[in-house]
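Here is a short round of questions on a fold and its packing. Keep the structure open as you read.

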Amino acid sequence: MKLNVDAPAMRRINRATVLHIIRNQRTTSRIDLAQITGLNKATVSYIVDELIEEQWVQEIGYGSSTGGRKPILLRFNANAAYAIGMDLELPFLKTVVCNTRGEVVYKQERMLDALTNADTATAVLDAIMEEVQAAQAATPKSSHGLVGIGLALPGLINARTGASHHLRGITESDWDLRAELAERTTLPVFIDNNANCGAWSELLKSASRKENLVYIHAGSSINTGIVIHGELYKGRSGAAGEFGHMTISPMGQRCVCGNYGCWEQYASERSLLQYINEAGGNHAAIDLRRGLMEQILDGAYADNRAYIRALNTLGQHLGIGIANIVNALSPDRISLGGTISQASTFILPEIERVLQYRLIGANKNIPISIASAHAIAVGAATHVMNQTIFLDETVTP
């Protein structure tokens with residue numbers, strides 16, 4: 001099928017392609033860009049000159065000659081613009097400001113532990129705007145300033161509207177949070193699933209932008225972000241990656257989704273209190289209004305055997321689900337994030353033990369690592385850059 005692309009659209013695509021390559025290279029030149037893109041030298045020079053004038057690109061000196069004139073080296077100006085990234089998973093709200101390479105220049109974590117069911121949505125919205133204002137004040141001056149706000153949420157996100165469905169502890173129905181935020185700020189607002197944002201963040205750290213990886217967010221629920229050949233895979237409706245709701249126990253516990261035996265019933269925070277009881281412990285001292293993992297880890301590091309056994313059991317169930325994912329997708333690597341990843345000392349050995357028994361063939365050699373605590377917020381900021389500057393939905397250089 002032949003696609004007709006008008007001249008303005010072609011110019012935007014060519015510009016985005018050149019900008020992508022400059023960003024992804026430590027240094028390059030106009031000659032290199034022409035060879036990589038297949039564009040003629042005049043077109044490349046016009047685009048580069050435009051990007052230099054707009055301060056997206058800098059000339060930094062001369063490279064080595066291969067027989068002719070020395071080429072002028074180009075470098076991407078990572079600090080030409082910034083974006084706010086936010087990770088909301090009650091009771092925590094994490095905020096970062098990142099430059100165009102995802103480098104963090106500001107971060108803040110806030111606990112929203114005084115919310116009630118009656119005012120949760122309003123209180124969350126107010127807290128988000130307070131943190132946006134603080135982030136704006138902390139953003140360094142730059143030629144393009146803040147280009148938008150990225151917000152990562154757990155659960156299902158409507159790929160077309162950005163509305164959020166079934167945010168546990170906030171609302172059970174569609175919440176058009178993007179529209180409500182747009183009424184309070186002039187900055188563009190972008191919303192995506194937290195695991196997708198985590199996957200974007202992990203891809204930023206990759207030596208290969210064509211990597212296959214799976215980011216697993218394990219917290220109050222389990223979500224996964226899937227990157228295939230350097231591109232985020234969302235599926236037909238944008239709901240791909242809901243591995244938390246794959247069945248690992250056909251006659252198991254009922255999940256909030258209505259199914260039985262879902263993985264997240266056994267490998268998310270909600271299972272920990274049950275495992276503590278089964279290990280002979282008492283969870284009555286745990287304050288459910290505060291961060292659960294922090295309290296359990298305090299006990300585990302103080303040698304509370306019931307807490308340690310509960311975390312070990314959690315790790316075993318995480319390993320079962322991860323083995324299913326790895327055997328199905330065989331990615332280059334797995335990255336584990338979310339609040340549960342804070343317990344890596346206790347859960348990683350159990351995960352690895354399960355994987356050695358359940359993975360097949362070369363899949364046994366696929367590495368699993370722990371993502372940074374702010375990976376999702378960084379990914380949310382990166383999502384903003386992709387949508388406003390780099391046109392990742394359109395261009396794949």
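Q: What is the strand order of the open sheet of five strands?
A: This is a predicted model, where local features need pLDDT of at least 70, side-chain atom pairs count only at pLDDT 80 or more, and totals for chains, interfaces and linings use all residues. Residues are numbered from 1 along each chain as its sequence is written, and side-chain values use heavy atoms, without hydrogens and water. Strands (E, at least two residues) and helices (H or I, at least four) are DSSP runs numbered from the N terminus, and two strands pair if DSSP finds at least two bridges between them. Pairing is mixed, and the order is S13-S12-S11-S14-S15.

Q: Why is one side of strand S13 and of strand S15 left without a neighbour in the sheet?
A: S13 (231-233) and S15 (368-370) stand at the edges. One side of each is free in the sheet because each has a single partner strand.

Q: Which residue in S13 is the bridge partner of isoleucine 228?
A: Strand S12 (residues 222-228) runs antiparallel to S13, joined by three bridges. Isoleucine 228 has as its partner glutamate 231.

Q: Which helix supplies the largest share of the largest nonpolar core?
A: A nonpolar core is a set of buried (under 20% relative accessible area, 1.4 Å probe, protein chains only) Ala, Val, Leu, Ile, Met, Phe, Trp, Tyr and Cys residues joined through side-chain atoms within 4.5 Å. The largest has 40 residues, and Leu311 and Leu318 are among those with the most contacts inside it. Ten residues, the largest share, come from H10.

Note on methods
Buried means under 20% relative accessible area, exposed over 50%, partly exposed in between (1.4 Å probe, protein chains only).
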